[in-house]
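Student: I would like to learn how to read a protein model feature by feature. Could you take me through this one slowly, giving the general idea before each case?

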Amino acid sequence: MMQRLPYLASALVLSSLLSACGSQEAPASAPPPAEVGIITLKAQAIDLTTTLPGRVTAFQTAEVRPQVGGIVKRRVYAEGTEVKAGSVLYELDPATYQAAYASASASLAKANALAKQAKLIAKRYEGLVAIKAVSQQENDDAQASAAQTQADVALAKAALDKARIELNYTRITSPISGRSGKSSVTAGALLTANQVQALTTVVQLDPIYVDMTQSSSDFLALKRAIEQGGVSQGKRIPVTLTLSDGRSYEHIGSVAFSESTVDPSTNSITLRAQFPNPSGQLLPGLFVQAKVVQGQQQGVLAPQRALSRNPQGDATAMVLDQDNKVQPRVVKTSRAIGDKWQVIEGLEAGDRLIVDGLQRAKPGSVVEPVPFTGDQVIAPAQVESEKTDSSSNTPSVAKKAE
């Protein structure tokens, strides 16, 4: 019995030591770096767009008026329909003009007959004067008479042409192809040549124009940037439209020309764009918003979600250096393009910009970069709460010990 006591004492001491070791907590390991979503900025061609107010203008407009007077016999066209160039719109009573044409035709026939007779006499006198059968004076008179009758023929031809033109004018035609308007006269109306009141209006709607106004200062700034080489501009300047009801027009147009003068009342310059209008959706006088791509320049675009404001009100961004350490940057932007900002200072191509997880990107801290592929959100890391010995836990420990 006495021999077993030293062994029992040693076992108790070893057991107490093991219990003491087990009661000590292992030292806490350092938390892993926080994950953040990043993108690598790249230089790209940026469209320089501007939105301008505009009005739709017809490609061609023709006011139809009579060129001879007369009574309207009938209206040929249907109001509001498409008409072709040269198609008849109105017919006037042609009776008086037909009579004038017939008279001119008869006058021409008479002049031709007299000219033929005078020509024969002149030819005969040329032979007679050679043998002294007629005097030189008589021959000269015959030659002059023949020349005069030729002039009379030419005059009669001109009169006939005029009568023919006036007779044709009794059929009032459309000078252009387009959509006809309402008629201001009906059958039986008396018309006068070149009257002030138009009979109807024909407008060509396909293609169609949109007139836009741009401030002269913006126009000159763009021109200066192009001359300095900071902005490139192609031969074709595309334009898109937003209609008054908010819908986008399906066809893309291009700038046709710009005015060479500035409107002194508005200090603006007029730009004219041409659009296809096959369905006739654009009508003259319609108000639209035109988005004009006036040029391109190389630059950097940063997502709007990646930028914030510091207490001084400056735009800031967080980038990573080579050691994945967070570095703040103060940036300057020029304009919003979709969901991005065009950055003109503070960021450049090749920078790794933090887009997601900015709440965990403290300046100077080391983070774990993860490629940002869209609208993903990196969930915050789970942080285990520290275990603390509180007075509420003491009874349970004592009870367990018991």
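Tutor: Let us begin with charged side chains, keeping in mind that this is a predicted model. Side chains of opposite charge can pair when their charged atoms come close. Here Arg74, Glu91 and Arg171 are linked in a network of salt bridges, and the count of salt bridges comes to eleven.

Student: Within that network, how far apart are the closest N and O atoms of Arg74 and Glu91?

Tutor: In the salt bridge between Arg74 and Glu91, the closest N and O atoms are 3.1 Å apart. Arg74 belongs to strand 3 (residues 70–75) and Glu91 to strand 5 (residues 88–92), so the pair ties together parts that are 17 residues apart in sequence.

Student: Which of these counts as buried, and which is partly exposed?

Tutor: Glu91 counts as buried, at 14% relative accessibility, whereas Arg74, with a relative accessible area of 41%, is partly exposed.

Student: What other salt bridge should I look at, and where do the partners of Arg272 and Asp211 lie in the chain?

Tutor: Arg272 forms a salt bridge with Asp211, and their closest N and O atoms are 2.7 Å apart. This pair links distant parts of the chain, since Arg272 is in strand 12 (residues 268–275) and Asp211 is in strand 9 (residues 200–215), 61 residues apart. Both Arg272 and Asp211 are buried.

Student: And are Asp245 and Arg247 buried or partly exposed?

Tutor: Asp245 counts as partly exposed at 48% relative accessibility, and Arg247 counts as partly exposed at 45%. These two residues form a salt bridge with each other, in which the closest N and O atoms are 2.7 Å apart.

Student: Now I would like to turn to the backbone. What should I look for there?

Tutor: Most residues other than glycine have a negative phi, and most peptide bonds are trans. In this model, a cis peptide bond joins Asp206 and Pro207, with omega at about 0°, and Pro207 has its place in strand 9.

Student: Where is Asn267 found, and what is its phi?

Tutor: Asn267 is found in the loop between strand 11 (253–258) and strand 12, and although Asn267 is not a glycine, it has a positive phi of about 55°. At 47% relative accessibility, Asn267 counts as partly exposed. Asn324, which is not a glycine either, has a positive phi of about 60°, and Asn324 is found in the loop between strand 15 (315–320) and strand 16 (326–337).

Student: Finally, how should I read the interior, and which residues of the largest nonpolar core touch the most other members?

Tutor: A nonpolar core is read as a set of buried residues joined through side-chain atoms. The largest one here has 21 residues, of which Val210, Met212, Val239, Leu241, Phe275 and Leu282 touch the most other members. At least two residues of this core are supplied by each of strand 2 (44–64), strand 9, strand 10 (238–242), strand 12 and strand 13 (287–303), and the largest share, five residues, comes from strand 9.

Student: Which residues does Met212 touch, leaving aside those up to four places away in sequence?

Tutor: With those neighbours not counted, Met212 touches several residues, including Leu52, Val239, Ile269, Ala290 and Val292, and Arg272 is also one of them. Apart from this core lies another, of 17 residues, among them Val68, Val72, Tyr90 and Tyr97.

Conventions:
Residues numbered from 1 in each chain as written. Predicted model: local features only at pLDDT ≥ 70, side-chain atom pairs only at ≥ 80, totals over all residues. Heavy atoms only, no water. Salt bridge = Lys/Arg side-chain N within 4 Å of Asp/Glu carboxyl O. Helix = DSSP H or I, 4+ residues; strand = E, 2+ residues; numbered from the N terminus. Buried < 20%, exposed > 50% of the residue type's maximum accessible area, 1.4 Å probe, protein only. Core = buried A, V, L, I, M, F, W, Y, C linked by side-chain atoms within 4.5 Å. Contact = heavy atoms within 4.5 Å.
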